[in-house]
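Q: Could you take a close look at one part of this model for me, the salt-bridge network, and set it in the context of the whole chain? I'd like the numbers along with the reasoning.

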Amino acid sequence: LSFAAVKMHWRGLVAWLAYSALSLASASWALKPWRSGAPWSALHWAFFPLAVLALRRLTPAQRLRLLDVFCVMAIISALASVVQHFVPVFDQPWLREYFTVQRVLEPADNGGFKAGGLHFHRLRYAHTLVPLFFALAPDLWRERRVLGVITLALSLVGLFFTYTRASWVAVAFALALVPLSRLRGRVGVRAEFLALTPLLIPLLAFVGIDKPADRSFAWHNALALFKAHPLLGVGYGGYPQQALTLNGGQHATWSLIHPDA
């Protein structure tokens, strides 16, 4: 936020501020499903590859500052997850006016609560932490090894308290790709293609594998709607109504699958 940086990057800063303002304002003026914030959340994922590309253009001093900021934020978020798991500290009426705290007040199966860190949402926290950590891991190992190890250890604790199975699957695949990526010049199959294998998981619905049950129910809904609307689909935001029609109303067990595709 120095004067020189703002002067050099003012177009990007204006674009970012306008995007942020649009994201916040949409909650009050937009019609559903735009009001849900889904389009704006989807755009956040576009910033991940841009951030990785931007790392190459930073000076060594800027890279170190960025690594330090990431580690500090990750550590604070992990510590917040520990507090959220053991103490319902965010179950306050005044907090509900500013944050969506329901996802950090979900009871965990073995006691306590499912944590979401500074995101106040366990899925957003886990699914943001994992790709960012692996994107920065090489620089952390070279430049901030001790701080990186501390950040990793605490982040794993925070990740455990999110109770998100998909994040651990992603960690396992990423760890498997690290050694394989070194062999890509000596093997016939590029290691990057292994990253596509999680896309095969929903195909298990075709062969009747119904675990986990809630995901399987959603996959079967999606497959049935695809067969009914193979060319044009059901339109953005059309899934909830079409899924309700398909099942003749809300499912007795998986009622949230309809509005939360």
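A: About 17,600 Å² of the protein chain is exposed, and carbon and sulfur atoms account for 70% of that area. Keep in mind that this is a predicted model. Its pLDDT averages 80 over the protein chain, with 76% of the residues scoring at least 70. Confidence varies by element: helix α7 (residues 145–160) has the highest mean pLDDT, 95, while helix α3 (residues 38–55) has the lowest, 65. Where pLDDT is low, the predicted coordinates shouldn't be read in detail.

As for the overall layout, the protein chain has 10 helices and 0 strands, so the pattern along the sequence is just α-α-α-α-α-α-α-α-α-α. Of its 261 residues, 26% are buried. If you take the contacts between residues at least 6 apart in sequence, 54% of them join residues at least 24 apart.

Now for the part you asked about. A search of the whole structure turns up 5 salt bridges, and R63, D139 and R142 are linked in a network of them. D139 takes part in both of the pairings described next.

Start with D139 and R63, whose closest N and O atoms are 2.8 Å apart. D139 sits in helix α6 (residues 122–143) and R63 in helix α4, so this salt bridge ties together parts that are 76 residues apart in sequence. How accessible are the two partners? D139 has 8% relative accessibility, so it counts as buried. R63 comes out at 22%, which makes it partly exposed. The cut-off matters here: buried means under 20% relative accessible area, so R63 at 22% falls on the partly exposed side.

The other link is between R142 and D139, with the closest N and O atoms 2.6 Å apart. This one stays within a single element: both residues lie in helix α6, 3 residues apart, or about one turn of the helix. An α-helix has 3.6 residues a turn, so residues three or four places apart point the same way. R142 has 55% relative accessibility and therefore counts as exposed. Put together, the network includes a buried residue, D139, a partly exposed one, R63, and an exposed one, R142.

For another example from the set, look at E106 and R103, whose side chains meet in a salt bridge at 2.4 Å, N to O. E106 is partly exposed at 22% relative accessibility, and R103 is also partly exposed at 22%.

Helix α4 has a nonpolar side to its story as well. V69 is found in this helix, which covers residues 60–86. V69 also belongs to a nonpolar surface patch with V72, M73, I76 and L118, and together they have about 420 Å² of accessible area.

Helix α9 (residues 213–228) is worth a glance for its buried residues. It has 16 residues and reaches 23 Å from its first C-alpha to its last, close to the 22 Å expected at 1.5 Å a residue. The buried residues in α9 are D214, S216, F217, A218, W219, N221, L223 and L225, and what covers them includes α10 (239–247).

Methods:
Residues are numbered from 1 along each chain as its sequence is written. Side-chain values use heavy atoms; hydrogens and water are left out. Patches are made of residues with over 30% relative accessible area and no salt bridge: like charges are joined within 9 Å, nonpolar side chains (Val, Leu, Ile, Met, Phe, Trp, Tyr) within 5 Å. Accessible areas come from the Shrake-Rupley method with a 1.4 Å probe; for residues, only the protein chains shown count as cover. A salt bridge is a side-chain nitrogen of Lys or Arg within 4 Å of a carboxyl oxygen of Asp or Glu. Helices (H or I, at least four residues) and strands (E, at least two) are DSSP runs, numbered from the N terminus. The expected span of a helix is 1.5 Å times one less than its number of residues. Buried means under 20% relative accessible area, exposed over 50%, partly exposed in between (1.4 Å probe, protein chains only). Contact means heavy atoms within 4.5 Å. pLDDT is the predictor's confidence in each residue, from 0 to 100.
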